[in-house]
Amino acid sequence: MTAHTVEYIRYLIPEQQSAQFLAAYNRAAAHLAAAPQCVDYELARSEEDFEHFVLRVTWTSTEDDAEGFRESELFADFIAEVGPFAGFIEEMRHYKPTAVRGTGAAVPTLYAWAGGAEAFARLTEVFYGKVLKDEVLAPVFEGLAAEHAAHVASWFGEVFGGPPAYSETQGGHGHMVAKHLGKGITEVQRRRWVNLLQDAADEAGLPTDAEFRSAFVAYAEWGTRLAVHFSAPDATPPAEQPVPRWTWGAAPPYQG
């Protein structure tokens with residue numbers, strides 16, 4: 001998949017026209033939101049100099065902006081609103097992301113919020129204790145290696161933002177997927193796995209706030225549905241991929 005591209009349009013708007021400018025972009029935003037080539041957008045205003053504005057638009061690609069959005073009726077409607085301010089543009093460029101990226105500590109990782117390595121070790125210990133006694137899942141995990149729970153704990157830890165322990169000792173996403181090849185996991189088994197994982201999270205004392213649990217369950221749903229897919233008889237193993245890194249998604253942690 002081609003990486004998204006980010007367009008920045010920088011404006012210098014005379015202060016006496018800023019209200020009209022903001023009103024125009026409030027109307028024009030509807031046309032960006034309706035564009036299938038637009039991933040997201042944001043208009044920001046300088047705190048130091050109120051005359052400076054920056055519009056950031058993430059496009060599916062530069063070509064999709066130039067040949068899709070800009071040749072559509074949506075663009076005509078967009079320009080009808082903001083076109084009068086084109087003379088105030090100081091920069092309009094597209095940028096590709098580099099490998100330099102990350103998040104700061106202002107928002108904790110799911111790993112840290114859950115309680116770190118100890119929390120995920122408790123989770124998998126409780127979880128596999130349940131699995132091995134469950135009539136639906138026990139056949140899938142027959143002959144489970146003694147170190148399996150610890151490996152899954154390190155997998156969860158890395159997925160939810162912790163250290164890359166699984167990658168360094170076991171491998172990437174392809175290594176985890178390979179463990180499901182040929183197992184023929186059913187939807188009933190997948191759903192039981194998710195349900196028991198939630199029960200284990202309760203018993204292991206993982207956070208119960210809505211934001212954490214929604215992200216936790218979202219990963220469980222995503223991961224188990226991939227497990228079903230790759231366990232099918234005709235499944236083709238994926239190319240080697242890094243361990244996925246799960247984040248808070250739509251709702252960051254509530255820190256009231």
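The paragraphs below lead through a predicted model, beginning with its sheet and ending with its aromatic pairs.

A convenient place to start is the open sheet, in which four strands follow one another in the order E2-E3-E1-E4 with antiparallel pairing. Strand E2 (38–45) and strand E4 (89–95) stand at the edges, and because each has a single partner strand, one side of each is left without a neighbour in the sheet. Averaged over the sheet and with direction ignored, neighbouring strands are turned by 10 degrees against each other. Inside this arrangement, strand E1 (residues 5–12) pairs with strand E3 (residues 52–59) in the antiparallel sense over eight bridges, and Tyr-8 has Arg-56 in E3 as its bridge partner. Helix H1 (residues 18–33) packs on the sheet, where H1 touches E1, E2 and E3, and the direction of H1 makes about 170 degrees with that of E2.

Helix H1 also takes part in covering another helix, since H1 is included in what covers the buried residues of H3. Helix H3 (residues 73–82) has Phe-75, Phe-78 and Val-82 as buried residues, and these cover an arc of only 60 degrees around the axis, which means that they lie on the same side of H3. The face of H3 turned away from that buried side carries Glu-73 and Ala-80, which are exposed. Ring pairs extend the picture, for they link Tyr-11, Phe-21, Tyr-25, Phe-53, Trp-59, Phe-69, Phe-75, Phe-78, Phe-85 and Phe-88 into a cluster.

Nonpolar cores come next. In soluble globular proteins, nonpolar side chains tend to be buried together. The largest nonpolar core of this model has 35 residues, and those with the most contacts inside it are Leu-123, Phe-156 and Phe-160. Helix H4 (110–114), helix H5 (116–131), helix H6 (148–159), helix H9 (187–203) and H10 each supply at least two residues of this core. Apart from the largest core lies another, of 19 residues, with Tyr-11, Ala-28, Trp-59 and Phe-75 among them. Phe-160, when its neighbours within four places in sequence are left aside, is in contact with Thr-109, Leu-110, Tyr-111, Phe-120, Ala-215, Phe-216, Tyr-219 and Trp-246.

Two of these contacts of Phe-160, Tyr-219 and Trp-246, lead on to the aromatic pairs. The structure holds 28 aromatic pairs, and one of them joins Tyr-219 and Trp-222 in a tilted arrangement, at 5.9 Å centre to centre and with 45 degrees between the planes. Because Tyr-219 and Trp-222 are three residues apart in helix H10 (residues 210–231), they are separated by about one helical turn. Tyr-219 counts as buried at 6% relative accessibility, whereas Trp-222 is partly exposed, with a relative accessible area of 34%. Tyr-219 also forms an edge-to-face pair with Trp-246, at 5.2 Å centre to centre and with 75 degrees between the planes. That pair links distant parts of the chain, with Tyr-219 in helix H10 and Trp-246 in the segment after H10, 27 residues apart.

Trp-222 appears once more in the surroundings of a histidine. His-173 lies in helix H8 (residues 173–178) and counts as buried, at 8% relative accessibility. With residues up to four places away in sequence not counted, His-173 touches Trp-155, Trp-222, Leu-226, Glu-240, Gln-241, Pro-242, Val-243 and Pro-244.

Methods:
Residues are numbered from 1 along each chain as its sequence is written. This is a predicted model: local features need pLDDT of at least 70, side-chain atom pairs count only at pLDDT 80 or more; totals for chains, interfaces and linings use all residues. Side-chain values use heavy atoms; hydrogens and water are left out. Rings of Phe, Tyr and Trp (its six-membered ring) pair if their centres lie within 6.5 Å; planes under 30 degrees apart count as stacked, over 60 as edge-to-face and the rest as tilted. Buried means under 20% relative accessible area, exposed over 50%, partly exposed in between (1.4 Å probe, protein chains only). Two strands pair if DSSP finds at least two bridges between them. Axes are lines fitted to C-alpha atoms, for helices over the stretch in contact, and angles run from 0 to 180 degrees between N-to-C directions. Contact means heavy atoms within 4.5 Å. The arc is that of the directions from the helix axis to the C-beta atoms. A nonpolar core is a set of buried Ala, Val, Leu, Ile, Met, Phe, Trp, Tyr and Cys residues joined through side-chain atoms within 4.5 Å.
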